[in-house]
Amino acid sequence: MVEPSFYARPEAGRCVLSVAPAVASGDPAGSPGQARSSAFIDDVCTLVAEQVTSTAGPLALRLDVGLADTAPLYASHDLDNYLFPLVPKLTSRTGRHFVSVWATKRHAPTSSVAICPAIPIDDPLGMYVFDATTTASASTNAYKEQIRDQITTANPLPDGGVALQIGFVVGPHRAWPNLWKPTIDALGAILGHDDGAREWNARDGRITDLGLHCATDPTVGNLIRIAIRASPVGPAPMRLADTC
């Protein structure tokens with residue numbers, strides 16, 4: 001049985017973006033939201049094209065989102081919404097798959113992206129360490145319910161930023177980016193909820209440091225194994241040296 005894998009966050013090779021990062025847009029084609037998302041994805045793909053083709057082996061991606069000083073750091077600007085659809089589009093354009101994707105956010109004048117070889121690390125553990133399994137389709141509430149029911153011993157982390165890593169074990173034909181949002185939506189016991197919020201509206205804007213990892217196991221079928229590691233943290237540092 002394949003165990004969940006964790007990989008190091010890329011710490012070198014930053015390319016500063018010329019287009020502000022944009023979250024995934026559900027607006028109609030041709031809308032301003034879709035235009036911002038497309039411009040962001042095009043900028044990233046242009047900047048990292050050479051890195052992607054020249055880096056051997058499994059790949060890791062890091063996106064650092066710089067927000068204006070007036071932007072709320074712990075509300076909205078959900079990091080998984082920047083990574084999706086960026087990562088699927090990058091995979092489609094380059095033919096390369098990513099086993100580890102990272103995103104951070106903080107108040108900063110610039111945003112950046114980096115591509116590096118995926119370097120395995122030990123389980124990062126954390127204040128909360130949960131291992132869950134799911135059998136339902138990720139597009140259903142049953143998927144979220146199965147995760148929720150396996151983290152009931154958690155209490156919401158103290159107010160402030162959250163560092164979250166999730167390791168997935170999936171079958172070889174699974175499009176694992178489709179698991180990111182529903183999995184995070186189910187972590188209300190860890191992230192908390194705003195007053196009056198619906199069950200699946202967890203306070204995921206609190207996540208300032210996000211790592212998502214994937215391991216493939218051809219024997220699991222439709223089963224998904226999920227390793228959840230979470231801790232409180234301050235704003236994520238951006239220590240990379242400019243190279244692009």
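Is Cys214 buried or exposed, and what is its relative accessibility? In this predicted model, Cys214 counts as buried, at 8% relative accessibility.

**View 1. Cysteines Cys214 and Cys45, and the search for disulfides.** A search of the whole structure finds zero disulfides, and two of the cysteines are shown here with the distances to their closest cysteine sulfurs. For Cys214, the closest cysteine sulfur belongs to Cys116 and lies 19 Å away, which is too far for a bond, since a disulfide requires the two sulfur atoms to be within 2.5 Å. For Cys45, the closest cysteine sulfur is that of Cys15, at 12 Å, again too far for a bond. Cys45 is buried, with a relative accessible area of 11%, and Cys214 is likewise buried, at 8% relative accessibility.

**View 2. Asp209 and its contact with Arg9.** Asp209 has its place in strand β9, which covers residues 207-216. This residue is buried, its relative accessible area being 11%, and its side chain is joined to that of Arg9 by a polar contact of 2.5 Å.

**View 3. The open sheet and its edges.** Eight strands make up an open sheet with mixed pairing, and their order is β2-β5-β3-β4-β9-β8-β10-β7. The edges are occupied by β2 (15-16) and β7 (128-134), and because each has a single partner strand, one side of each is left without a neighbour in the sheet. Within the sheet, strand β8 (residues 161-170) and strand β10 (residues 224-233) run antiparallel and are joined by nine bridges; in this pairing, Phe168 stands opposite Ile226 in β10.

**View 4. Helices α1 and α2 packed on the sheet.** Helix α1 (residues 32-54) packs on the sheet, where it touches β2, β3 (59-67), β4 (98-107) and β5 (112-117), and the direction of the helix makes about 30 degrees with that of β5. Helix α2 (residues 79-94) also packs on the sheet, touching β3, β4, β5 and β9, and its direction makes about 140 degrees with that of β4.

**View 5. Ser54 in helix α1, and its separation from Ala230.** Ser54 is found in helix α1 and counts as exposed, at 57% relative accessibility. Between the C-alpha atoms of Ser54 and Ala230 there is a separation of 33 Å, the two residues being 176 residues apart along the chain.

Key. Residues numbered from 1 in each chain as written. Predicted model: local features only at pLDDT ≥ 70, side-chain atom pairs only at ≥ 80, totals over all residues. Heavy atoms only, no water. Helix = DSSP H or I, 4+ residues; strand = E, 2+ residues; numbered from the N terminus. Buried < 20%, exposed > 50% of the residue type's maximum accessible area, 1.4 Å probe, protein only. Polar contact = N/O pair within 3.5 Å; in protein donor to acceptor, adjacent residues only side chain to side chain. Pairing = 2+ DSSP bridges. Contact = heavy atoms within 4.5 Å. Axes fitted to C-alpha atoms, helices over the stretch in contact; angles between N-to-C directions.
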